[in-house]
Amino acid sequence: MDCTHTTISCGAETPFRALHLTDSHICRADARDGERKVHLAESRRTVFDEGVPGRAERFLREQLAYADENDLPILYTGDFCDFVSCANLEFLRGELGARDCFFAAGNHEFSLYVGEAFEDEAYKLQSFDRVQSCCKNDLRFASRVLHGVNFIAIDNVYYDFTARQLDALKAEIARGLPVVLMMHTPLYTQELCDYAMGDLGQPCAYLAGAPAERTETYPPDRRVQQQPNRETMAFIDYVYQQPLIRAVLAGHLHYDFETRLSNGIMQYVTGGGFRGCAREITFVP
């Protein structure tokens, strides 16, 4: 396990530690889901094991054991499952449900067959209730206070936010507690975009809130998917105005990256759990 150690000064009542995990991409299926999904599990497992059979699940076991041994709550930012299946959701419920885990969903949590269709809210609704039934907290928007810090998990799996989520965030801000946001898809920064599209040579940045001058260079399907709407930008603009928001935790990108948002808030992207990446965070006053 490759564990990054980070300290976040966020106004905690007392120092405490937590383990940020993300993107395990578990690939399980059996006869209950049919032959097609069994074959999907086999092919996708090959991708995430990266040439070493069983590696992705071994890393997850090591991460969960580390949390157990050190009595660490888990902050999980999505894509525990690579696709919807009986076996994947049972594993999600069994492993994270048995632990002190606060969960923000990822896009793959709702993927029926990876890459089969354009994924949007209507697509998500085909599996949302089934996935939600396996998770302890609300997947749309949930908050949990730990040592005086309000952790807020928000669904932005398709690069967007809603007016209802903005209203819920305003209500949480009104409580007056310091806030750490948890979401699957990171918020746009120029630094992160340059790294994704420049250093890594990706065709798009896979970030929420990218400006039009950046998305216009994306491939057409990615531009449609990632171009922010008015509600998304209203949500992000509000985040930038709130001094009580002290940090953002995200995943999705499969690599570690720390970047400062335009208002100075630090955003911590933790790499893929299937590669052994984890982040132990010490939250301090």
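The residues lining the second largest cavity divide into four nonpolar, two polar and three charged; Ala, Val, Leu, Ile, Met, Phe, Trp, Tyr, Cys and Pro count as nonpolar, Asp, Glu, Lys and Arg as charged, and the others, Gly among them, as polar. The structure is a predicted model, in which local features need pLDDT of at least 70 and side-chain atom pairs count only at pLDDT 80 or more, while totals for chains, interfaces and linings use all residues. Residues are numbered from 1 along each chain as its sequence is written, and side-chain values use heavy atoms, with hydrogens and water left out.

A cavity is a set of points, on a 1 Å grid over the protein atoms alone, where a 1.4 Å probe fits but cannot get out, and lining residues have an atom within 4 Å of a point. Grid points are joined across faces, edges and corners, and a volume is the space filled by probe spheres set on the points. Searching the whole structure yields two cavities of 30 Å³ or more.

| Cavity | Volume | Lining residues |
|---|---|---|
| Largest | about 70 Å³ | Leu92, Leu96, Gly97, Cys101, Phe103, Cys134, Cys135, Lys136, Asn137 |
| Second largest | about 40 Å³ | Ser24, His25, Ile26, Cys27, Arg45, Phe48, Asp49, Ala56, Glu57 |

Two elements, α1 (35-49) and α2, give two or more residues to the lining of the second largest cavity; helices (H or I, at least four residues) and strands (E, at least two) are DSSP runs, numbered from the N terminus. The largest share of that lining, three residues, comes from α1. For the largest cavity, α3 (86-97) and β4 each supply at least two lining residues, and α3 provides the largest share, three residues. By class, the lining of the largest cavity has six nonpolar, two polar and one charged residues.

Strand β4 also belongs to an open sheet of five strands with mixed pairing, in the order β1-β11-β2-β3-β4; two strands pair if DSSP finds at least two bridges between them. Because β1 (2-9) and β4 (101-103) stand at the edges with a single partner strand each, one side of each is left without a neighbour in the sheet. From one strand to the next the twist averages 25 degrees.

Strands β1 and β11 (residues 277-284) run parallel and are joined by eight bridges. Isoleucine 8 stands opposite phenylalanine 283 in β11. Helix α2 (residues 55-69) packs on the sheet, touching β1, β2 (16-21), β3 (74-76) and β11, where contact means heavy atoms within 4.5 Å. The direction of α2 makes about 170 degrees with that of β2; axes are lines fitted to C-alpha atoms, for helices over the stretch in contact, and angles run from 0 to 180 degrees between N-to-C directions.

Notes:
1 Å grid on protein atoms, 1.4 Å probe; cavity = no way out; pocket = protein on both sides within 12 Å on 5 of 7 lines; lining within 4 Å.
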